[in-house]
Amino acid sequence: MPKIENKLSGKELVTNIIYYVLRIVIVLYVVLLFLPGVNPARITEKINRNLSLFTAGFFYKSLTDGLGRMMTKGWIPKSTMVTLNLTSMLACLGALAAGVGGCFSIGNNKCRRIGNICTLAGGVVGLLGVLGIRLARNQLYALVEANPSFAKNTAPMSPKGITLYLVMSVVIITLSVATFILAQKPEKGEVLHMEPKYKLFLMFMPFALLILVFSYLPLWGWRYAFFDYKAGDTLTMDKWRGLFWFTYLFQNPATSKHILQVMINTLAMSGLGIAFSFLPMIFAIFLSEIKNSKMRGLIQTFTTIPNFISWVLVYAIALCIFSTDGFISSFMVQNGFWESGKNMLMSSKHTWLKMWAWGTWKGLGWSAIIYISAISGIDQQLYEAATVDGAGRFQKMWHITLPELIPTYCVLLTLSIAGILSNGLDQYLVFENAQNTQAIEVLDLYVYKIGINGGLIPLSTVVGMFKSIISVVLLFLANNISKLVRGQSVV
């Protein structure tokens, strides 16, 4: 009898190990859908190298972007591109189905059985999709063999991603069959069940993937800082520059002086925002004290709407009010206060305060929402007890509402300190002119100028790297200060 138990235990152990390997392969399969470097659908050099398999499968226009003339001339058949698009979509759907199966595999026996079916189906569909991509590639090669003159315009290629996806699909199919055979069959009448911790993990997974794709995956672009790179080039070792662009920031006096001014502008405007970061909290406190719900809702709506207005439209509003022909100039001229109109937007005076004022007007209502939510969570018995003790409205605000909001304020303040070098781009780009450019140019705008306008992508990458590293250091520094002062940490 002990031997049978050991055998069953060994079988379960092998099954669990196979499941772990299967889940790792599935995660890799899904993540690779968004990596352009391993895109199996790039069967010709004419397809954008920044295209991922996911984009190639679900966005036909992006896949054929720039190929219109070649398809019209017949150098690249339209049928081949349609096949490539449909089979890429099939490969993506297979990967997503396998991902769903991997999620089910962490449940009970019935969940695992459903997961096995989904994973096996996803592997088969993914394999068919990759084989279809391979067929489209072969069609292109056959066309070039029949018409050698097409080679230059078609530029066919055999991406390594095809082999990679084929291997992964076969591995998923094999492991799915193995788990289907080895896994314990669900009992009759067994219902789907998954432990709460796994349910929470699956709820968190989509957000973790989004963070990975949009926050951590772009860090791969930091490699541009070590090369002589221009948009559209390929990275080769003959363009390797090492730490040249890092030292360039300090070796060039003009660049160093420019960056110093940019940092002063950035820290000054961010400092103003941090210094007055209590305003949304104060606004939320007073807003919550309005007893008329309709009036309170109206005020909150009108103060929140500006957050959804783009900075281009905000500048258009500013132009109507403060330009030479704007409302204020027209009023002052018509009433004899000014001899001629003045364009107040062109003035370089008090630029930092102006930008802070526009930013506060635009974001005050939106920033107050989190404080309004925090106020709604305060125990009402505290207010009732204070009323019994004879406390007035302002005393309640000072001794109850404000202390209850301080933890929320400290968290947001810590995050603001961490993002002190991130002012954004839109506001300063639209308000910049020849008169105020020296005082309005912040770090994000500077990176945009040298990277997009100036073409110095490596230098802009270096500045972005420094910005990210400093932000992380400031986050942990602010967190430690919060821990010392309040006894509580944020991170």
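Glu441 and Lys449 are joined by a salt bridge between their side chains, with N and O 3.6 Å apart. The model is a predicted one. Glu441 counts as buried, at 7% relative accessibility, while Lys449 is partly exposed at 22%. Glu432 also forms a salt bridge with Lys449, at 2.4 Å from N to O. Through shared partners, Glu432, Glu441 and Lys449 belong to one network of salt bridges.

The bridge between Glu432 and Lys449 links two separate elements. Glu432 sits in the loop between helix 19 (426-431) and helix 20 (437-440), whereas Lys449 belongs to helix 21 (residues 443-453), so the pair ties together parts 17 residues apart in sequence.

The count of salt bridges in the model is 6. Another of them pairs Lys197 with Glu195, where the closest N and O atoms are 3.8 Å apart. Lys197 is exposed, with a relative accessible area of 52%, and Glu195 is partly exposed, with 40%. Three salt bridges are listed below.

| Salt bridge | N to O distance |
|---|---|
| Glu432 and Lys449 | 2.4 Å |
| Lys449 and Glu441 | 3.6 Å |
| Lys197 and Glu195 | 3.8 Å |

Arg113, in helix 6, has no such partner. Arg113 is buried and forms no salt bridge; Glu190 is the nearest side chain of opposite charge, 9.5 Å away. Because a salt bridge requires the nitrogen and the carboxyl oxygen to be within 4 Å, a pair at that distance does not qualify. Neighbours within four places in sequence aside, the contacts of Arg113 are Phe180, Ala183, Gln184, Lys185 and Pro186.

One of these contacts, Phe180, lies in helix 8, which covers residues 160-182. Helix 8 has 23 residues, and at 1.5 Å a residue these should span 33 Å; the C-alpha atoms at its ends are 33 Å apart, which agrees. Its buried residues are Gly161, Ile162, Tyr165, Leu166, Met168, Ser169, Ile172, Ile173, Leu175, Ser176 and Thr179.

The largest nonpolar core has 38 residues, of which Ile47, Leu53, Met81 and Leu84 touch the most other members. At least two residues of this core come from each of helix 1 (2-32), helix 2 (53-58), helix 4 (68-73), helix 5 (78-104), helix 6 (109-146) and helix 8. The most is given by helix 1, with 7 residues. Apart from this core there is another, of 16 residues, including Ala225, Ile259, Ile420 and Val462. In soluble globular proteins, nonpolar side chains tend to be buried together.

Within the 38-residue core, Met81 is one of the residues that touch the most other members. Residues up to four places away in sequence are not counted in its list of contacts, which holds Ile47, Tyr60, Leu63, Thr64, Leu67, Met71 and Ile76.

A nonpolar residue outside the buried class is Val312, which is exposed at 56% relative accessibility. Val312 is part of helix 14 (residues 311-322). The C-alpha atoms of Val312 and Val430 are 6.4 Å apart in space, although the two residues are 118 residues apart in sequence.

How values were computed. Residues are numbered from 1 along each chain as its sequence is written. This is a predicted model: local features need pLDDT of at least 70, side-chain atom pairs count only at pLDDT 80 or more; totals for chains, interfaces and linings use all residues. Side-chain values use heavy atoms; hydrogens and water are left out. Helices (H or I, at least four residues) and strands (E, at least two) are DSSP runs, numbered from the N terminus. The expected span of a helix is 1.5 Å times one less than its number of residues. Buried means under 20% relative accessible area, exposed over 50%, partly exposed in between (1.4 Å probe, protein chains only). A nonpolar core is a set of buried Ala, Val, Leu, Ile, Met, Phe, Trp, Tyr and Cys residues joined through side-chain atoms within 4.5 Å. Contact means heavy atoms within 4.5 Å. Lys and Arg count as positive and Asp and Glu as negative; His and the chain ends are not counted.
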